[in-house]
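Colleague: I should like to take a close look at one part of this model, namely the contacts between its charged side chains, and then at the rings beside them. Please explain them in a way that a first-year student can follow.

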Amino acid sequence: MGDDHDEGERAPSLSMNRGGVALMSTSHLVNDFYQGVVPALLPFLAAERHYSYAAIAGLTLAATLISSVAQPVFGVLGDRRPRRWLIGAGMLTAGVGLALVGLARSYPLTWILIAISGFGIAAFHPEAARAARLAGGPSNRAMSIFALGGNGGYALGSLVATPVFLLLGVRGTPLLLIPAAVMATILALRLRRVLDGRSGRRRTAAMPTGRDDWPEFVKLIVVVVIRSILFLGITSFIGLYFIRELHTSESVGGAALTVFLVTGAAGTLLGGWVADRSNRLMSIRAGFVLTVPALAGLVFTRSWPVTLAFVALTGIALYLPFAVFIMLGQDYLPNRIGTASGVTVGLGVSVGGLFSPLLGTFADHTSLRVMFTALIVLPVLGLALTWFMRDPSGPGTRTRPRSGRPVPRA
């Protein structure tokens with residue numbers, strides 16, 4: 001067994017630590033707020049500093065490259081020895097990096113600062129996902145609430161940052177440090193008591209058990225990467241698509257990104273609900289099936305209000321499997337919860353950013369409409385790959401607790 005199972009987990013507890021789930025979801029919201037700021041920032045950097053599509057895609061790469069490498073490393077280190085302090089420290093680093101972007105003048109320094117923010121986000125996720133699983137146990141809905149915090153934070157980043165940038169330009173980024181400073185303080189004061197109780201003894205929850213299944217885990221990561229390319233392609237360029245292809249204002253472009261992310265929150269909760277009542281692969285497949293007509297509607301309509309409706313459908317579809325990916329990864333590698341969390345939340349998601357410069361270059365040589373059209377093939381590929389996967393908990397059941405008995409549905 002990995003070290004993450006050793007501390008205090010001597011008996012199963014089927015009750016959810018609601019306070020723990022709420023705290024981790026809220027901290028996830030604040031952390032991923034800074035991920036959401038980046039795509040909202042890109043159109044303003046393009047306008048003020050005259051960056052090309054390729055340069056904009058390079059900044060997306062900065063936000064994801066360091067993160068994609070660092071998150072699995074933090075996960076492995078956490079399996080050897082849990083480091084909860086990284087939850088607050090990582091979040092604060094993410095905030096500081098983004099706050100300084102507006103004060104930078106050169107493209108290389110801007111790239112470095114965005115990369116530093118990505119490093120902080122990488123430090124946060126594996127330990128936060130471990131804590132969320134400890135608090136929520138085998139419930140897909142509990143993990144979907146944790147994931148919802150991240151999705152909501154991503155959407156809130158766009159919602160909050162766009163008015164700041166409209167009013168102050170990119171020099172307004174220092175104001176965005178406030179949420180991280182406040183939440184890091186709360187975590188320093190409350191995290192241990194909420195997760196472990198007044199005695200400081202770790203509360204028990206149903207955790208996955210069994211042998212690590214690396215072949216299934218690799219299949220999962222391939223599917224996660226496909227979803228990641230779709231997700232980062234849309235978030236990086238949807239605002240510019242509305243501005244330059246549909247000839248809307250910058251505020252409408254920002255609203256399009258916000259709609260995508262806000263409706264994604266509904267998709268996250270729906271995905272957890274479907275997984276608990278059917279099975280987790282059904283949730284993943286439904287997401288890919290819905291993404292095909294949603295993307296087609298997005299690129300083939302010319303009226304921006306209609307296109308906005310398809311953006312909303314795309315958001316719901318792409319977020320349906322998000323929490324399920326985390327749960328499946330942890331169940332495929334029950335002895336390496338930190339590694340599984342770091343890879344599914346980190347490497348598998350962030351590696352999609354490696355393709356953003358390619359998408360940006362492709363758009364430079366064709367158009368954003370052609371680039372979005374080309375993305376339609378990806379959900380078809382993702383759907384096909386899911387038929388080679390299996391759900392370790394089986395249909396209608398959840399992960400087994402440490403006693404070995406199936407957990408009944410809530």
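How many salt bridges does the structure hold?

Modeller: The model is a predicted one, and it holds eight salt bridges. Three of them may be taken in turn.

One salt bridge joins the side chains of glutamate 127 and arginine 130, with 3.5 Å from N to O. Both residues belong to helix α4, which covers residues 107-136, and they are three residues apart, about one turn of the helix. Glutamate 127 has a relative accessible area of 3%, so it is buried, the limit being under 20%. Arginine 130 also counts as buried, because its relative accessibility is 6%.

Arginine 133 forms a salt bridge with aspartate 331, and their closest N and O atoms are 3.0 Å apart. This pair links distant parts of the chain: arginine 133 is in helix α4, whereas aspartate 331 is in helix α11 (residues 322-332), 198 residues apart. Both arginine 133 and aspartate 331 are buried.

Another salt bridge is formed by arginine 280 and aspartate 391, whose closest N and O atoms are 2.7 Å apart. Arginine 280 lies in helix α9 (residues 280-300) and aspartate 391 in the segment after α15 (377-386), so this pair ties together parts that are 111 residues apart in sequence. Arginine 280 and aspartate 391 are both buried. The two pairs also belong together, since Arg133, Arg280, Asp331 and Asp391 are linked in a network of salt bridges.

The rings come next. The count of aromatic pairs is 11. In one of them, phenylalanine 33 and tyrosine 34 have ring centres 5.0 Å apart and planes at 85 degrees; an angle over 60 counts as edge-to-face, so this pair is edge-to-face. Both phenylalanine 33 and tyrosine 34 are buried. Phenylalanine 44 and phenylalanine 165 form a tilted pair, with 5.6 Å from centre to centre and 55 degrees between the planes. Phenylalanine 44 is in helix α1 (residues 18-49) and phenylalanine 165 in helix α5 (residues 140-168), so the pair ties together parts that are 121 residues apart in sequence. Both of these phenylalanines, 44 and 165, are buried.

Charged side chains and rings also meet directly. Arginine 227 lies over the face of phenylalanine 231, at 4.7 Å from the ring centre. Phenylalanine 231 is itself part of a cluster in which ring pairs link Phe231, Phe260, Tyr319 and Phe322. Likewise, arginine 285 lies over the face of tryptophan 387, at 3.7 Å from the ring centre.

Notes
Residues numbered from 1 in each chain as written. Predicted model: local features only at pLDDT ≥ 70, side-chain atom pairs only at ≥ 80, totals over all residues. Heavy atoms only, no water. Salt bridge = Lys/Arg side-chain N within 4 Å of Asp/Glu carboxyl O. Helix = DSSP H or I, 4+ residues; strand = E, 2+ residues; numbered from the N terminus. Buried < 20%, exposed > 50% of the residue type's maximum accessible area, 1.4 Å probe, protein only. Phe/Tyr/Trp six-rings, centres within 6.5 Å; stacked < 30°, edge-to-face > 60°. Lys NZ or Arg CZ within 6 Å of the ring centre and 35° of its normal.
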